[in-house]
There are 2 protein chains.
Amino acid sequence: MHPANVQTAARYAEQYQRALLNDVLPFWENHSLDRTHGGYFTCLDRSGQVYDTDKFIWLQNRQVWLFSMLYNRLEQRESWLKVAEHGAEFLSEHGRDPEGNWYFSLNQTGQPLIQPYNIFSDCFAAMAFSQYALASQDETAKVVALQAYGNVLRRKSNPKGQYDKSFPGTRSLKSLAVPMILANLTLEMDWLLEGDQLTNILKSTVAEVMTDFLDPDLGLMLEHVTPDGKKLDCYEGRLLNPGHGIEAMWFMMDIGDRLGDKALIQQAVDVTLNILEYAWDPEYGGIYYFMDRLGAPPQQLEWDQKLWWVHVETLVALLMGYRLTGNPKCWEWFETIHDYSWSRFADPEKGEWFGYLNRRGEVLLNLKGGKWKGCFHVPRALYLCWQQLELLK
Amino acid sequence: MHPANVQTAARYAEQYQRALLNDVLPFWENHSLDRTHGGYFTCLDRSGQVYDTDKFIWLQNRQVWLFSMLYNRLEQRESWLKVAEHGAEFLSEHGRDPEGNWYFSLNQTGQPLIQPYNIFSDCFAAMAFSQYALASQDETAKVVALQAYGNVLRRKSNPKGQYDKSFPGTRSLKSLAVPMILANLTLEMDWLLEGDQLTNILKSTVAEVMTDFLDPDLGLMLEHVTPDGKKLDCYEGRLLNPGHGIEAMWFMMDIGDRLGDKALIQQAVDVTLNILEYAWDPEYGGIYYFMDRLGAPPQQLEWDQKLWWVHVETLVALLMGYRLTGNPKCWEWFETIHDYSWSRFADPEKGEWFGYLNRRGEVLLNLKGGKWKGCFHVPRALYLCWQQLELLK
């Protein structure tokens, strides 16, 4: 329980910086580029060998975003822009249907495999092409970004369209993921938007997340509530996704920081710490993937597994919370999650991080990337943690 | 490694009979009937308390089937017919949309929650109402059964209809589940069908399963192949579901027995034993849930878990294989799986069986029923094993 001093912060900062620049980015630069057909391989085994060649739109766009973002914010390295361009060109050519909606997945050569049923494909496309347009000064990329952003706004009240299997009216639900991604996306698109669109969307998102989705009794974030913010006693209504709740809270802290809203920052820090107390596995360590707010058995069989993104998003939240409030509990928890994560997920021998551990913290899948894990959460978190730590030095 | 003698078979027969009649059936009779709104609760915790009231059509129909089947084949107990009637009445009233397609789930009072996107809802309805019509001699039930059977035949080439998210043409796949269920269903509907429809469907199913879905190099059943039976190197094309493959093999043995096809029986036994050698966890025991035929990381995070239905279907396959061929390896494996299952899944203290164990065989979800586990695999397997053992006495 020792709040950070300057030396400690500097030591951690160097660790995160070094892992980002000397381990994780080179892993993707060396192994993920498809030199034959364009785009990226994301299904990479422990040492970076490709075990599947399908191309998942979320992950393709997230890698374009990541390299463009680092080019824009960290250093204008030509090689990073080239990696982003490699994906952006493949995606511009193959990623959308004739109406401009983003497919969910393509095969190696870019033929569509799964239809545009998923609004998040468009979200990540808007984020990717916005950052890439800023990096490349490519006017076409700007058009692609704005088109994808338009898709999201048009589809957000009915994200799955014809693929929605719920019967209308019996049980209406809304998901935390939608306001979350909309806030994140709007921040990313800021430089392309007009007037006070940004502030308006941020304020309404904050209100929705912290009122409708926050369970005031438990102090936890719910994944699904009724459209007017009521709790429901059904699988979806009982579901807790601690990592997602914590990720939402660092978005709130970030917005609070921009808007100068100290009460919001304080509340987001409190909820983060509360989720951690609730979702930390006291027996084996690590944060559970899914829980049920009434303690019923969750539907998700993977509920007790320990996932990389849950833990790295938590590191970001705790450092941001510590920097903004100085709450020593943030620092204490940061060191706990840091030790857990670096000793189990990180793989300095072969590079990048494992993604999936079982409850005991043993490697469950011997991979560095797959259908859902690409070049995104690990490097983003390493970058954001490093930046927070620099501000503590 | 001692093939069964009469005394051993009798001892096991009594164990399976007793568990069925004194433990598992009473568990569902005591805990699952919704006396207020009709139908069954299936989300039951370890001791049978209801933790969720939604009604999943697969499981509702499977319970109607199970109690009707036992009434028809084992003993005409009035109380069993009453349990079946309790579900059949609720389902007749609430289970279908105006076109007669079966919803996927309803809330407690019977209002639809999830649309009829799933052809297996219609399959299980046809099976349930066919057995129930036979038990109750209810003409309306016969009509319901034939209508559901018609839905299956109409939709089998495009089972998901508008909800199918795959892009047409890029990668066509067919699933083992479809011919499997069609064979099973046709056997169940036999008494309602005309002429040689049964024999024709059985023969074409056998040909499809044992030619298109059997990987001749590995001797394993594949879950997905191209429409003309070719292997594909993608997640779906590499997927192995050992429990499903073994369940398919006892269907094949059963059909082989009806058709007097000894070569088919022999082949199904060989494949069963081969799947077991491949999918048995040498470290902790039990049969894996999912594997990848090329050893790549599976997409399913629950791949290493040990599921009740996988193990009880394997018990059926091994006893049927032993009875039909006398192969001592079937008996040896039967005793291994029997010991594994009864010491971990069975819960004589509170009744019924746990459904989900982690890789080490520890209880993962403290439940006896949920969204996918109801009154079906355990009592069906106990009944079928008992009957096979009686024939060995």
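**Reading a predicted two-chain model**

Me: Which residues is B:Y16 in contact with, leaving aside its neighbours within four places in sequence?

Reply: This is a predicted model. In it, B:Y16 is in contact with B:L315, B:F334, B:H338 and B:W342. B:L382, B:C385, B:W386 and B:L389 complete the set. Neighbours within four places in sequence are left aside.

Me: How many residues are in the largest nonpolar core, and which have the most contacts inside it?

Reply: The largest nonpolar core has 297 residues. B:Y16 is among those with the most contacts inside that core. The others are A:Y16, A:M249 and B:M249.

Me: Let us turn to the two copies. What is the general idea?

Reply: Two copies of a chain are related by a rotation about an axis and a shift along it.

Me: What rotation and what shift superpose chain A on chain B?

Reply: The rotation is 180°, with 0.0 Å of shift along its axis. The RMSD is 0.0 Å. The two copies are therefore related as by a two-fold rotation axis. In chain A, the C-alpha nearest the axis belongs to A:Y163, 2.5 Å from it. The same surface serves both copies, as 100% of the contact residues of chain A recur in chain B.

Me: How many residues of each chain are in contact, and what area is buried between them?

Reply: 45 residues of chain A are in contact with 45 residues of chain B. The area buried between the chains is about 3900 Å². Carbon and sulfur atoms give 57% of that area.

Me: How many salt bridges are there between chain A and chain B?

Reply: The count is six. In one salt bridge, the side chains of A:R238 and B:D52 meet at 2.9 Å, N to O. For polar contacts across the interface, the rule finds 23 residue pairs, with both residues at pLDDT 80 or more.

Me: Which elements of chain A each supply at least two residues of the side that touches chain B?

Reply: They are β2 (50-52), β5 (112-114) and α8 (235-238). The largest share, three residues, comes from β5(A).

Me: Now a single side chain. Is B:H311 buried or exposed?

Reply: B:H311 is buried, because its relative accessible area is 0%, and buried means under 20%. B:H311 has its place in helix α11 (residues 308-325) of chain B.

Me: Which backbone nitrogen lies 2.9 Å from a polar atom of the side chain of B:H311?

Reply: That of B:I287. B:I287 is also one of the residues in contact with B:H311, leaving aside neighbours within four places in sequence. The others are B:G286, B:K306, B:I337, B:Y340, B:S341 and B:F345.

Technical notes: Residues numbered from 1 in each chain as written. Chains lettered and ligands numbered in written order. Predicted model: local features only at pLDDT ≥ 70, side-chain atom pairs only at ≥ 80, totals over all residues. Heavy atoms only, no water. Least-squares fit on C-alpha atoms with pLDDT ≥ 70 in both. Contact = heavy atoms within 4.5 Å. Core = buried A, V, L, I, M, F, W, Y, C linked by side-chain atoms within 4.5 Å. Buried < 20%, exposed > 50% of the residue type's maximum accessible area, 1.4 Å probe, protein only. Buried area = accessible area lost by both parts, 1.4 Å probe. Salt bridge = Lys/Arg side-chain N within 4 Å of Asp/Glu carboxyl O. Polar contact = N/O pair within 3.5 Å; in protein donor to acceptor, adjacent residues only side chain to side chain. Helix = DSSP H or I, 4+ residues; strand = E, 2+ residues; numbered from the N terminus.
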